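Okay, thanks for squeezing me in. I'll put the structure up and talk through a few parts of the fold.

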Amino acid sequence: MSTLITNIAELMTQDLEHRVLKNAAMVVEGERIEWLGAAASAPAADDTVDAGGRAVLPGWVDSHTHLVFAGDRTAEFEARMAGESYSAGGIAVTVDATRHTSDFDLTRLAMARVSEAVSLGTTYLETKTGYGLDTENEARSARIASTVVDEVTYLGAHLVPAGSDADAYTELVCGPMLDAVRPYVRWADVFCEEGAFTAEQSRRVLEACRDAGLGIRVHGNQLGQGPGVQLAVDLGAASVDHVNYLSAEDVAALAESWAGWDPATGTGARGTVAMCLPACDLSTRQALPPARAMLDAGVQLALASNCNPGTSYTSSMAFCVATAVLQMRLSVHEAVRAATYGGALALHRDSGNDADGERAVGSLAVGHRADLHMLNAPSATHLAYRPGMPLTYAVWRAGVRVR
């Protein structure tokens with residue numbers, strides 16, 4: 001069954017050519033994009049959808065979330081808005097609530113959050129464990145996550161549980177806990193920050209997970225300058241996330257990690273993506289990441305929601321895009337690219353087509369997965385021009401219209 005979507009005012013492909021097509025159309029066949037180009041040249045299809053002069057862009061790729069949790073942290077949020085500073089310790093509140101919630105309810109809650117995200121244009125989702133913090137509950141979280149999202153990340157190294165020895169807990173994360181979650185996860189992460197895990201402990205976790213065959217990433221440089229960025233680059237992590245406080249050396253290291261990459265062909269040695277989480281920064285009243293400086297230096301950027309109960313309880317990628325444009329000095333095209341192609345790049349899902357069967361997400365090109373986000377606006381510029389407005393009109397996920 002093929003579907004022609006025509007009368008598209010603006011088609012922002014975010015492909016390797018950075019094409020923005022006017023008066024465009026595309027054909028979706030099954031889960032793939034069959035054709036795209038000028039509406040006047042569109043081939044026939046089994047069905048037709050009239051976009052009505054609306055814009056179409058790739059579905060959002062939300063590459064950093066924490067969706068498997070229970071409980072409420074509004075009191076912490078209110079205290080922070082009243083002037084208290086953010087620290088990593090609030091995670092323990094969610095851990096306690098999550099451990100005392102049934103599998104059924106955790107799954108139901110996570111599915112509801114995924115549904116919210118999809119309704120806002122997100123078509124590819126990563127989420128992390130990290131609210132179990134013992135072997136049984138981390139494995140449970142990983143198993144549940146694997147049933148509701150596209151990519152699962154092991155974050156047993158989110159926080160050292162109260163009363164635990166940090167080094168002994170690190171060994172648990174690297175041993176029995178890793179073995180228990182391994183069947184359900186593709187990635188591993190560590191919170192390398194004051195009050196969480198030291199550089200030495202973080203390195204131990206990342207090396208153990210890499211040796212187990214997992215891709216690696218780092219929570220780093222969120223609360224101040226620290227070792228997270230350098231550690232991520234040294235170990236070849238796919239991304240380093242937060243990146244609020246960077247030295248000139250950090251920016252240079254991130255840029256140098258991409259020296260062997262050809263952005264025109266999407267080939268070569270991958271570097272470490274700098275993942276910005278602006279909704280979290282607004283909630284914690286941290287400085288926003290120096291996105292403009294990183295992009296100008298040649299760093300590959302991603303934007304993600306960091307949806308979680310303590311510091312960023314939103315799955316609105318449009319909000320993140322608007323913030324990146326209005327406060328981080330990115331253009332609309334750059335911000336949308338970071339929230340689509342950039343997220344796919346961080347998850348190593350930026351390439352793939354008919355030949356290998358693992359279709360690329362985050363960009364619109366023939367053979368890529370048909371993940372589409374249609375706006376109730378004539379161009380993507382309206383995402384920042386009309387911040388906070390409900391602009392999602394329709395969503396296709398792997399070729400199926402889900403909104």
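So, E193: you'll find this one in the loop between strand 8 and helix 7, which covers 199-211. Keep in mind that we're looking at a predicted model. Is E193 buried or exposed? E193 is buried, because its relative accessible area is 9%, and the cut-off for buried is under 20%. And what does E193 touch, once you leave out residues up to four places away in sequence? The list is G220, N221, Q222, L223 and G224. If you want a distance for scale, take A264: E193 and A264 sit 71 residues apart in sequence, and C-alpha to C-alpha they are 35 Å apart in space.

Right, the sheet. This is an open sheet with 8 strands, paired parallel, and the order reads 5-6-7-8-9-10-13-14. At the edges you have strand 5 (60-62) and strand 14 (301-303), each of which pairs on one side only. Going from one strand to the next, the twist averages 25°. Inside the sheet, look at strand 7 (residues 151-157) and strand 8 (residues 187-192): they run parallel and 3 bridges join them. A157 stands opposite V190 of strand 8.

Now, what lies across those strands? Helix 12, residues 317-328, lies across strand 5, strand 6 (122-128), strand 13 (273-276) and strand 14, and runs at about 95° to strand 5. Then helix 13, residues 332-339, lies across strand 5 and strand 14, at about 80° to strand 14.

Helix 9 next, residues 248-256. Which of its residues are buried? D250, V251, A253, L254 and A255. Those buried residues pack against helix 8 (228-235), strand 10 (239-242), strand 13 and helix 11 (291-297).

Last stop, a helix pair. Helix 3 (residues 103-119) packs with helix 4 (residues 135-146) at an angle of about 45°, and the axes are 10 Å apart. That angle is why helix 3 counts as oblique to helix 4. The crossing of helix 3 and helix 4 is right-handed. On the helix 3 side, the contact is made by D103, L106 and T107, and on the helix 4 side by R140, R143 and I144. Sort the residues of that contact by class and you get 3 charged, 2 nonpolar and 1 polar.

That's my tour, happy to rotate the view if anyone wants another look.

Key
Residues are numbered from 1 along each chain as its sequence is written. This is a predicted model: local features need pLDDT of at least 70, side-chain atom pairs count only at pLDDT 80 or more; totals for chains, interfaces and linings use all residues. Side-chain values use heavy atoms; hydrogens and water are left out. Axes are lines fitted to C-alpha atoms, for helices over the stretch in contact, and angles run from 0 to 180 degrees between N-to-C directions. Helices (H or I, at least four residues) and strands (E, at least two) are DSSP runs, numbered from the N terminus. Angles under 35 degrees count as roughly parallel, over 145 as roughly antiparallel, 65 to 115 as roughly perpendicular and the rest as oblique. A crossing is left-handed if the near helix is turned anticlockwise from the far one by less than a right angle, and right-handed if clockwise. Contact means heavy atoms within 4.5 Å. Ala, Val, Leu, Ile, Met, Phe, Trp, Tyr, Cys and Pro count as nonpolar, Asp, Glu, Lys and Arg as charged, and the others, Gly among them, as polar. Two strands pair if DSSP finds at least two bridges between them. Buried means under 20% relative accessible area, exposed over 50%, partly exposed in between (1.4 Å probe, protein chains only).
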